[in-house]
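Colleague: I'd like a close look at one part of this model rather than a quick tour. Could you pick the element that the predictor is surest of and walk me through it, with enough of the surroundings to place it?

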Amino acid sequence: MVRLPDALPVARLLSEEAQHAEKFLGLPLWIWQFLNLALFLALLYKLIAKPLTESFRQRQIEIENRRKEAEKQRAHVQQLAADLRERTAKVEREIAEIRKQGQVDGEEARAALAARADEEAARVRTDAMEEIERRLSAAKAELRQAAAQQTAAAASNILTREITQDDRQRLLTESMAKMKEER
């Protein structure tokens, strides 16, 4: 343990140092602490807060620019979608018109083909009737000729059997006389 009389000079020394420590360069210590704090806050503001604030401001501007660009792209996409819907509707209308026109053209072609087929059938019928008439006429003529030949042959047979030499002489003279008269 320390003796009190010996400790007294040390306590006085500490007390002087405490008084001396309360002042630096003639200014009280609290002013120095305040100045130190102010300097620290100023450095903190200059080195951290200001760049951080500027960084946040730049980030906010970038976000705003991206948002505006996204809105422009969204509007562009909506415009493209509207154009696509319009084109699709136009194509669908054109397809419907083409189908209608195709049906009309098909009906017209069918009607034209039916009329042509009817005309062709009438022509074939007429040609067939004419051919039938020609062949019938030819067959009748052939039949008449065959009948005439048969009749002539039969008459010739009958005449050769029934006619005598006198009858022949008489027919020949009558025929010659007729010929002389006709001249």
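Modeller: Sure. This is a predicted model, and the element to pick is H2, which has the highest mean pLDDT among the elements of the protein chain, at 90. At the other end is helix H1 (residues 4-21), with the lowest mean, 53. Where pLDDT is low, the predicted coordinates should not be read in detail. I'll leave H1, with its mean of 53, at that. For the protein chain as a whole, the average pLDDT is 85, and 89% of the residues score at least 70.

To place H2, start with the order of elements. The protein chain has three helices and two strands, and along the sequence they run α-β-β-α-α. H2 covers residues 29-162, so that is 134 residues in one helix, reaching 188 Å from the first C-alpha to the last. The expected value at 1.5 Å a residue is 200 Å, and the span comes close to that. There is a kink, though: about 40 degrees, centred on Tyr45.

Now for the surface around that part of the sequence. Ten side chains make up a nonpolar patch there: Leu37, Leu39, Phe40, Leu41, Leu43, Leu44, Leu47, Ile48, Leu52 and Phe56. Together they offer about 1,000 Å² of accessible area. Take Phe56 as an example, since it lies in H2 and belongs to the patch. Its relative accessible area is 55%, and anything over 50% counts as exposed, so Phe56 is exposed.

That goes with the overall picture of the protein chain. Of its 183 residues, 1% count as buried. The accessible surface comes to about 17,300 Å², and carbon and sulfur atoms account for 60% of it.

Next, the charged pairs. The structure holds 11 salt bridges, and two in H2 are worth going through. One joins Arg57 and Glu54, whose side chains meet at 3.5 Å, N to O. Both residues sit in H2, three residues apart, or about one turn of the helix. Neither end is hidden: Arg57 is partly exposed at 44% relative accessibility, and Glu54 is partly exposed at 37%.

Further along the helix, Arg134 pairs with Glu131, and here the closest N and O atoms are 2.5 Å apart. The spacing is three residues in H2, so about one helical turn separates Arg134 from Glu131. Arg134 is partly exposed at 49%; with exposed set at over 50%, that value falls just short of the cut-off. Glu131 is partly exposed too, with a relative accessible area of 29%.

For a comparison outside H2, look at helix H3 (residues 165-182). There the side chains of Arg170 and Asp167 meet in a salt bridge, 3.5 Å from N to O. Arg170 and Asp167 are three residues apart in H3, which puts about one helical turn between them. Arg170 is partly exposed, with a relative accessible area of 42%, and Asp167 is partly exposed at 25%. Salt bridges can also share partners, and that joins Glu64, Arg67 and Glu71 into one network.

So, back to your element: H2 is a helix of 134 residues, kinked by about 40 degrees around Tyr45, with salt bridges such as Arg57 to Glu54 and Arg134 to Glu131 along it.

Definitions and conventions. Residues numbered from 1 in each chain as written. Predicted model: local features only at pLDDT ≥ 70, side-chain atom pairs only at ≥ 80, totals over all residues. Heavy atoms only, no water. Patch = residues over 30% accessible without salt bridge, like charges linked within 9 Å, V, L, I, M, F, W, Y side chains within 5 Å. Areas by Shrake-Rupley, 256 points an atom, 1.4 Å probe, with all protein chains shown as cover. Salt bridge = Lys/Arg side-chain N within 4 Å of Asp/Glu carboxyl O. Helix = DSSP H or I, 4+ residues; strand = E, 2+ residues; numbered from the N terminus. Buried < 20%, exposed > 50% of the residue type's maximum accessible area, 1.4 Å probe, protein only. Expected span 1.5 Å × (residues − 1). Bend = angle between axes of the 7 residues up to and from the residue. pLDDT = per-residue confidence, 0-100.
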